[in-house]
Amino acid sequence: MRLSDMREGQSGRIVGVGGDMRLRRRILEMGLTRGAEFYIEKYAPLRDPMELTIKGMHVSLRVNEAVAVTVEPLERNNG
Amino acid sequence: MDSRQIRIALTGNPNSGKTTIFNHLTGTRQKVGNWPGVTVEKKEGDIEKFGCQLKIVDLPGTYSLTPFSIEEIVARDYILEDRPDVVIDIIDASNLERSLYLANQLRELDCKVIFALNMADLARSRGYKIDGEKLSELLGVPVVFTVGNKKEGLDELLKTAVEYAESGTGIPESRKVRYSKDIEKAISEVREELESRIGPDFPYNRRWTAVKLLEDDTIIKQRLEKLLGTDSAQVLEKAQQLRDKLADLFHEEPEIVMTDERYGFIAGILKEVVTTSSRRRVDISRNIDLVLTNRFLGFPIFIFFIWAMFQITFTVGAYPMAWLDAGISALSSGVDALLPPGVFESFLLEGVIAGVGSVIIFLPNIVLLFFCIALFEDTGYMARAAFLMDRIMHLIGLHGKSFIPMLMGFGCNVPAIMATRALESRKDRILTVLITPFMSCSARLPVYIVLAGTFFAAYAGTVIFLLYLSGVVVAIVTGRLFRVILLKGEDAPFVMELPPYRLPMLKSLLIHMWDRSKMFLKKMGGVILVGSIIIWVLSAYPKAIDYSVDYGARMDQVHAEYAEKIASAPAAEARKLEEERTARIADLRRAKRIEHAEKSYLGRIGRFVSPVFEPIGMDWRGSVAILTGFVAKEVVVSTMGVLYAAEGDAESDALHRALRNSGMTSLAALSMMVFVLLYLPCLATVAVINRETGTRWMILSVVYTTAIAWLAAFFIYQGGRLLMA
């Protein structure tokens, strides 16, 4: 499953990051590393970009960038 | 006293409170400039403490030292090449994991690093407890706790820095970052290959260089080629071989594996030094965001903030502007009264005071605008603005953050272009700078008011609105065009942090605002002064003009004629005659002024270039007005005032009448307005474009805008004539 497929309020865990080198490193440097758990905070009013909380910080990225991130959803109801 | 100089560099993630600490450490003794060759702000401050001269350099805030953005390159190069005595890494204690990524890269660089665990109070309130001693022991780095906005721990930080700088040892070998076995093996192989080819004066840490080569760091590869010449080939080849091998082994590029391992290392450290006492409590910042970036409320609130910014800038700014205006007028009349009429007086009044005055007058606007921008930045709202607007801006191939500078362009292009500094990617910055001049700035409004008011009286409002809209359309088209042709390649990643909202500190807001305003005054003041003097010289010279009519003699003649008539007329008629005389003298003066303008250098240039403007419906007077508009676009109006021989105030009805009688058609007026909207930005804007993007882009901007302006005006004028014929 891709990060871009996740819905508002869902939680998940990062499985891997693809995409071109530049984007990939940037995503990794912002803490979206393998195994990290995140929570989809919200999508912007125009449905792009999206915001997630990971490692205690809020990160925003475009939906077409989130396509590069493979994730697995976690069953959890609270944020 | 020991006057030893110690150089201290401050690094840290964006939003780690680095700037606050820098401001507190250096106070007003800071100098703001640019890093050589790039438009990243460089801030330095000299202070004296513990009997040492401390030079503190504020490096750009970065998340990493991977050389992808200019900021990262600048920061890394300073540490690599300028070798500061100590590097202080400001770490957001409530965000330790991410901060330690940069911190570890600094440790690998083999410089003397101190960790300043900043905002520890905030971390504590969030339920994190950090064992500073343990962290210091595990990483081999001095650790100091600070609370930047309360000035806590800053003295201790400096003291530690000075002591550390004077003591010999750096990070002990046993405390360095270790990678997994295969990678460590590759590192030592590259290192051996490297060491067999370098001398003892090799400037960089060897292990670090080997790591960078394995990461395929282009900048380090180039430096190595420069340092070693042909010898570098074997080293690079070795590194490439090992890269391929590792990629095979891990099914992943080595740099990704190494990033992963660094985070793994950090996770290990965190486990030992951080104790989390409770689950996260209420996150105020998050609650604010529930409203400010809400699906329904987000945009209305954003629009309100922008509206408020414009209100403050232009409505509140109008008061100090009026005072400045009064001050400049008082100065002019003072000079007028003090100096005898002559060349020098005219130079001072029309060249220097009028020219510089026309820029100084915008200072209140600019100061207020920068204050608002600093407020947006320091509170953290700027990132939300980018979050909201990114979808729309992305359509033109721009980053959400480009919206604010473009919007500011409607006020004045100069601060707008300076505001592009908030953009991280150079491409985005250049593109935004190039399209901002199409935002119709407030200086162009007087031109529209005069022309549209004269020729489109009933529809003036609509015409002006359409002009603004056309500017936006041209900007969008230009953006898309340049993105495809000139600035192609993938966009910089948007990925960014939405930092927690913070209460801004007045001191930091004021320092921000003042720095930028000062830059505006210094640079723009100089350029405008020179420009105004040139225009003045061109319009005032040659002094000896070969008039077609001897105006002096004519005037004497009129005087004599009327003196006789008045003397012999009855009192009632004498007043009428006197009025008649004044009118005739004024006519002659005006005729003389027009002829002077026509025969001055400026007029000659106008006549010379007028064939260019003829196809777009402008005579030589229009051409001259447009040329003088280069100094500042509102000057177009005052030049028209002179050339079309209106009396008194340029914006009065007289100019309307004179324009209507001059033979200018409404089509020509429309064409001229479009030209003024689009053609080359004013002198101050050109100067700031040159500063922010370099000469090449400045020239492109000047040529492109003027060409577009001419073409648009041409189609309107010629097309309109065809339609009407």
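Two residues are in contact here if their C-beta atoms, placed from the backbone, lie within 7 Å. Keep that cut-off in mind as you walk through this predicted model.

**Stop 1: where the chains meet.** Show chains A and B together. By that criterion, 29 residues of chain A are in contact with 29 residues of chain B. Now colour the chain A side by element: α1 (21-29) and β4 are the elements that give two or more residues to it. The largest share, eight residues, belongs to α1(A). If you switch to colouring by class, this side of chain A shows 11 nonpolar, five polar and 13 charged residues.

**Stop 2: strand β4(A).** Select residues 57-61 of chain A, the run that ends with Leu61(A). Are its residues buried or exposed? Five of the five are buried, so β4(A) is largely enclosed by the rest of the structure. Turn on side chains and you can sort them by direction: Met57(A), Val59(A) and Leu61(A) point one way, while His58(A) and Ser60(A) point the other.

**Stop 3: the partners of β4(A).** Add residues 50-54 of chain A, which make up strand β3; five bridges join this strand to β4(A), and the two run antiparallel. One pair to pick out is Met50(A), whose bridge partner in β4(A) is Leu61(A). β3(A) and β4(A) form a hairpin with two residues between them, and in the turn Lys55(A) has a positive phi of about 50°.

Next, bring in residues 496-497 of chain B. This is β10(B), joined to β4(A) by two bridges, again in an antiparallel arrangement. Click on Val59(A) to find its bridge partner, Glu497(B), then on Ser60(A), which stands opposite Met496(B).

**Stop 4: Leu61(A) up close.** Centre on Leu61(A). Why does this residue count as buried? Because it has 25 C-beta neighbours inside 10 Å, where 20 or more are needed. Leaving out residues up to four places away in sequence, Leu61(A) touches Pro49(A), Met50(A) and Ala66(A), along with Phe494(B) and Val495(B). For a distance to try in the viewer, take Arg22(A): its C-alpha is 14 Å from that of Leu61(A), with their positions 39 residues apart in sequence.

**Stop 5: a helix pair in chain B.** Finally, select residues 445-455 (α21) and 460-485 (α22) of chain B. Their axes are 9 Å apart and they pack at an angle of about 135°, and are therefore oblique to each other. The crossing is right-handed. Show Tyr448(B), Ala452(B) and Gly453(B) on α21(B); these meet Ala460(B), Val463(B), Ile464(B) and Leu467(B) on α22(B). The residues of this contact divide into six nonpolar, one polar and no charged.

Key. Residues are numbered from 1 along each chain as its sequence is written. Chains are lettered from A and ligands numbered from 1 in the order in which they are written. This is a predicted model: local features need pLDDT of at least 70, side-chain atom pairs count only at pLDDT 80 or more; totals for chains, interfaces and linings use all residues. Axes are lines fitted to C-alpha atoms, for helices over the stretch in contact, and angles run from 0 to 180 degrees between N-to-C directions. Helices (H or I, at least four residues) and strands (E, at least two) are DSSP runs, numbered from the N terminus. Angles under 35 degrees count as roughly parallel, over 145 as roughly antiparallel, 65 to 115 as roughly perpendicular and the rest as oblique. A crossing is left-handed if the near helix is turned anticlockwise from the far one by less than a right angle, and right-handed if clockwise. Ala, Val, Leu, Ile, Met, Phe, Trp, Tyr, Cys and Pro count as nonpolar, Asp, Glu, Lys and Arg as charged, and the others, Gly among them, as polar. A residue is buried if 20 or more other C-beta atoms lie within 10 Å of its own, exposed if 12 or fewer, and partly exposed in between; C-beta atoms are placed from the backbone. Two strands pair if DSSP finds at least two bridges between them.
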